[in-house]
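The following note is offered to a colleague who wishes to read the model element by element. Please keep the structure open while going through the numbered points.

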Amino acid sequence: MNRIKAVIKSVESSDSISLVELETAAGKMSAVVVETPDTADYLKTGREVYILFKETEVSIGKDLSGRISLRNRFDCTVLTVERGKILSRIVMDCKGERIVSIITTRSVESLELKEGDRVTALVKTNEVSLLEMDGNV
Amino acid sequence: MILKLEKRLKGSEGEFLLNVDMDIPEGSFVTIFGRSGAGKTTILRMIAGLEKPDRGFIKVGNSVYYDSSAGIDLPPQKRKVGFVFQDYALFPNMTVAENILFGMEKPDRGFLDYLLELTGLEKLADRKPDTLSGGQKQRVALARAVARKPEILLLDEPLSALDMETRKMLQEELQRIHRDMNLTTFLISHDFSEVFRLSDTVYVLDRGSIVKQGRPEDVFVQERLSGKVKFSGEIVDIKREDVVYIVSVLIGNRIIKVVADPAEAEDLSIGDRVVVASKAFNPFIIRV
């Protein structure tokens, strides 16, 4: 599970779903959660939270161009590539935050991913969970 | 129902004070959770009138069971309480029906039939306890405990000696009896899934004091995720495969497999209690 510290910048809600905009060291992020400030009291502007997302939900782009719906994109440098038979694990540094991605080894080959590559890590907004931090930070 | 109880108890680590103050809405299903020796059974015994608090007050509906300052102490038979223990404590020389009838204030065949049906014992009414399985015996004990039409049902680890399958069936029956008979039920249990499945409120007891209380999901899930799909379970296997780990988690009586990154699998070991969570967006729902 990737875990990044963030501050809530804004919360926009419908009946039970909220779009939360967040600021992290790696850049701006957004999350869609099935909660509202009424059901989760930590959904407040200014609150510090953790952003969680699974390694298997992180896509990797190289030389990206064109438009794409994914709102969470980070410029990263590949630190390590660990290849398995089916899956591979890529550890990236994104402005000081460490993000891990697990993608198929085939994709690693077709992207020709290697250490030191400049890449974009992409996460769908609805794959991002928020975790309340302990105490009233 | 109001419960204020104080009593000095001797534990394995010396004396301690049991001191609880609970205000429980009638009709609740309450679990008391805690290590052995924390005072859980003593609370149930004091509600039943089998043990006396040093000081306290017990009121159920409009009737005061116990009030040390007014000198009120109703004897057990005057309290509308049913009790089920881990060992069935049935009369071996009586049939199932006789055991249940024994629990009644006045024999009531109609009510007996209702209880037999409620607990699925119709066909076993004329059998003696020693010809029954553990689950069947515990059903008889349960039927006998509610035969007095109590207001309060006290369950002291009633299912812990039973296998998983039987346990699950009895949990459903407990829930049905609790609802149908409009009971306020107290359960002592160490089984997380049982506590989650059955109780409205959990009180966590530690050396005589309530250290936590609330809905099971709030008491047992430390961190609050914004994910909505959450199950608690126990890790039964961790296996490395390729660059990831496959962690098998027992939830209820099913094992589900979760893919975990090595960084998180390192912190996990077999036997750990865990929460498996997913965002509300991910699960598929398929009609069966």
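In what order do the strands of the open sheet of 4 strands in chain B stand, and is their pairing parallel or antiparallel? The points below begin with that matter.

1. The open sheet. The order is β14-β13-β12-β15 in chain B, and the pairing is antiparallel. β14 (254–260) and β15 (273–278) of chain B occupy the edges, and each has a single partner strand, so one side of each is left without a neighbour in the sheet. On average, neighbouring strands of this sheet are turned by 50° against each other, direction ignored.

2. One pair within that sheet. Strand β12 of chain B covers residues 229–241 and strand β13 of chain B covers residues 244–251; the two are joined in the antiparallel sense by 7 bridges. To locate the register on the display, the reader may take Lys239(B), which stands opposite Ile246(B) in β13(B).

3. Confidence. The model is predicted, and it should be read with its scores in mind. The average pLDDT of chain B is 90, and 98% of the residues score at least 70. For the complex, the predictor gives an ipTM of 0.80 and a pTM of 0.59.

4. Overall make-up of chain B. The chain contains 8 helices and 15 strands. Of its 288 residues, 34% are buried. Where contacts in chain B link residues at least 6 apart in sequence, 64% of them join residues at least 24 apart.

5. Helix α4 of chain B. This helix spans residues 134–146, 13 residues in total, and reaches 19 Å from its first C-alpha to its last, close to the 18 Å expected at 1.5 Å a residue. Why can α4(B) be called largely enclosed by the rest of the structure? The reason is that 10 of its 13 residues are buried, a residue being counted as buried if 20 or more other C-beta atoms lie within 10 Å of its own. The buried residues include Lys137(B), Arg139(B) and Arg144(B), as well as Val140(B), Leu142(B) and Val146(B).

6. Surroundings of α4(B). The buried residues of α4(B) pack against two strands of chain B, β7 (81–84) and β8 (152–156), and against the helices α2 (96–102), α3 (109–118) and α5 (164–180) of that chain.

7. Helix α1 of chain B. In this helix, residues 40–48, the buried residues are Lys40(B), Thr42(B), Ile43(B), Leu44(B), Met46(B) and Ile47(B). Gly49(B) follows α1(B) and has a positive phi, near 90°.

8. Strands β1 to β3 of chain A. Strand β1 (residues 2–13) and strand β2 (residues 18–24) of chain A run antiparallel and are joined by 6 bridges; a hairpin of 4 residues connects β1(A) to β2(A). Within this pair, Ile8(A) has Leu22(A) in β2(A) as its bridge partner. β2(A) also pairs in the antiparallel sense with strand β3 (residues 27–33) of chain A, over 7 bridges. Here the hairpin from β2(A) to β3(A) has 2 residues, and Thr24(A) stands opposite Gly27(A) in β3(A).

9. The contact between the chains. Chain B contributes 15 residues to the contact and chain A contributes 22 residues. By class, the side of chain B that touches chain A has 6 nonpolar, 2 polar and 7 charged residues.

Technical notes:
Residues numbered from 1 in each chain as written. Chains lettered and ligands numbered in written order. Predicted model: local features only at pLDDT ≥ 70, side-chain atom pairs only at ≥ 80, totals over all residues. Expected span 1.5 Å × (residues − 1). Buried ≥ 20, exposed ≤ 12 C-beta atoms within 10 Å, placed from the backbone. Contact = placed C-beta atoms within 7 Å. Nonpolar A, V, L, I, M, F, W, Y, C, P; charged D, E, K, R; others polar. Pairing = 2+ DSSP bridges. Axes fitted to C-alpha atoms, helices over the stretch in contact; angles between N-to-C directions. pLDDT = per-residue confidence, 0-100.
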